[in-house]
Amino acid sequence: MSAVVVLDYGSGNLRSAERALAAAGADVRVTDDLTAAAAADGLVVPGVGAYAACMAGIEALGAGPVIAERVAAGRPVLGICVGMQVLFEHGDEHGVVTKGLGLLPGGVTRLAATRLPHMGWNTVRAPRESVLFAGLPEQSRFYFVHSYAMGDPAGLAAAGAAVTTAHHDTDFVAAVERGALSAAQFHPEKSADTGAALLRNWLATLPSGD
């Protein structure tokens, strides 16, 4: 059983993520302990609300270097919702640009859609090489709640990432996989059987704990 830390930096659906990961077969701990976050087989970075607030929480905890060092060392990290967004270089909300962790190229901007937030179930289109979506049927549906997203799937793919897209008036990045770094704009912990399957796929990439 792999040891997974859900990082508690003051934002995110911590307990729902904890329950979903436990149900998927992980030994889960929710904590703000950076030593535990660094040592875990897998680290989950959650996030809800505003980009700037999430980055402020990460910076106050001093978690940015830990996340970056894990990725550089090839040790698995999974970002969820705004926890995915902060992995990019910056976020632009209400005309305010906030620096992100810079582990993925590009920025997060307001969705070019007539109805916001984008809330509810939506299908995704995953590339063949995706590990997160392996074995899932085409047009699988996941649960989204957001008004901002990374809107340049082609640019991100050109940077060497496996990019999964969704459509809400326009295409946007629904998930990304690059090396040890994986992330989802949707909430797998709220996405019923498809979300559980995705979490199991991610856990299968982790080393097993003793």
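## Briefing: sheets, pockets and local details

Strand 1 (residues 3-7) and strand 2 run parallel and are joined by five bridges. They belong to an open sheet of seven strands with mixed pairing. An open sheet of four strands, also with mixed pairing, is present too. The model is predicted. The points below take the sheets in turn, then the open and enclosed spaces, then single residues.

**The seven-stranded sheet**

- The strand order is 2-1-3-4-13-12-11.
- Strand 2 (27-31) and strand 11 (162-167) form the edges, and each of them pairs on one side only.
- On average, neighbouring strands of this sheet are turned by 20° against each other, with direction ignored.
- Within the pairing of strand 1 and strand 2, Val6 has Val30 of strand 2 as its bridge partner.
- Helix 1 lies across strand 1, strand 2 and strand 3 (42-45). The helix runs at about 165° to strand 2.

**A salt bridge in helix 1**

- The model has three salt bridges.
- One of them links the side chains of Arg15 and Glu18, with 3.0 Å from N to O.
- Both Arg15 and Glu18 sit in helix 1 (residues 14-23). They are three residues apart, which is about one turn of the helix.
- Side chains of opposite charge can pair when their charged atoms come close.

**The four-stranded sheet**

- The strands follow the order 6-5-7-10.
- Strand 6 (96-99) and strand 10 (148-150) are the edge strands, each pairing on one side only.
- Neighbouring strands of this sheet are turned by 20° against each other on average, direction ignored.
- Strand 5 (residues 88-93) pairs with strand 7 (residues 104-110) in the parallel sense, over three bridges. Here His90 has Gly107 of strand 7 as its bridge partner.
- Helix 3 (residues 51-61) packs on this sheet and touches strand 5, strand 6 and strand 7. The direction of helix 3 makes about 135° with that of strand 5.
- Strand 5 and strand 6 run antiparallel and are joined by four bridges. Gly91 stands opposite Thr98 of strand 6.
- Strand 5 and strand 6 form a hairpin with two residues between the strands. In this hairpin His94 takes a positive phi near 55°.

**The largest pocket**

- The largest pocket holds about 230 Å³ of space.
- Its lining has 13 residues. Ala126, Pro127, Leu136, Pro137 and Glu138 are the ones that lie nearest the centre of the pocket.
- By class, the lining of the largest pocket has seven nonpolar, three polar and three charged residues.

**The second largest pocket**

- The volume of the second largest pocket is about 170 Å³.
- Its lining includes Val48, Gly49, Cys81, Val82, Gln85 and Glu93. Pro117, Val145, His146, Ser147, Tyr148 and His187 also line this pocket.
- Helix 5 (82-85) and strand 9 (141-146) each supply at least two residues of this lining.
- The lining of the second largest pocket divides into six nonpolar, five polar and one charged residues.

**The cavity**

- The model has one cavity of 30 Å³ or more.
- The largest cavity holds about 40 Å³ of space.
- Asn13, Ala17, Pro46, Gly47, Val48, Ile80, His187 and Glu189 line this cavity.
- By class, the cavity lining has four nonpolar, three polar and one charged residues.
- Val48 and His187 line both the largest cavity and the second largest pocket.

**Backbone exceptions**

- Most residues other than glycine have a negative phi, and most peptide bonds are trans.
- Cys81 is not a glycine, yet its phi is positive, at about 55°. Cys81 is placed in the loop between strand 4 (77-80) and helix 5. This residue also lines the second largest pocket.
- Leu116 and Pro117 are joined by a cis peptide bond, with omega about 0°. Pro117 is found in the loop between strand 7 and strand 8 (118-123). Like Cys81, Pro117 is one of the residues that line the second largest pocket.

Key:
Residues are numbered from 1 along each chain as its sequence is written. This is a predicted model: local features need pLDDT of at least 70, side-chain atom pairs count only at pLDDT 80 or more; totals for chains, interfaces and linings use all residues. Side-chain values use heavy atoms; hydrogens and water are left out. On a 1 Å grid over the protein atoms alone, a cavity is a set of points where a 1.4 Å probe fits but cannot get out, and a pocket is an open set with protein on both sides within 12 Å along at least five of seven lines; lining residues have an atom within 4 Å of a point. Grid points are joined across faces, edges and corners, and a volume is the space filled by probe spheres set on the points. Ala, Val, Leu, Ile, Met, Phe, Trp, Tyr, Cys and Pro count as nonpolar, Asp, Glu, Lys and Arg as charged, and the others, Gly among them, as polar. Two strands pair if DSSP finds at least two bridges between them. Axes are lines fitted to C-alpha atoms, for helices over the stretch in contact, and angles run from 0 to 180 degrees between N-to-C directions. Contact means heavy atoms within 4.5 Å. A salt bridge is a side-chain nitrogen of Lys or Arg within 4 Å of a carboxyl oxygen of Asp or Glu.
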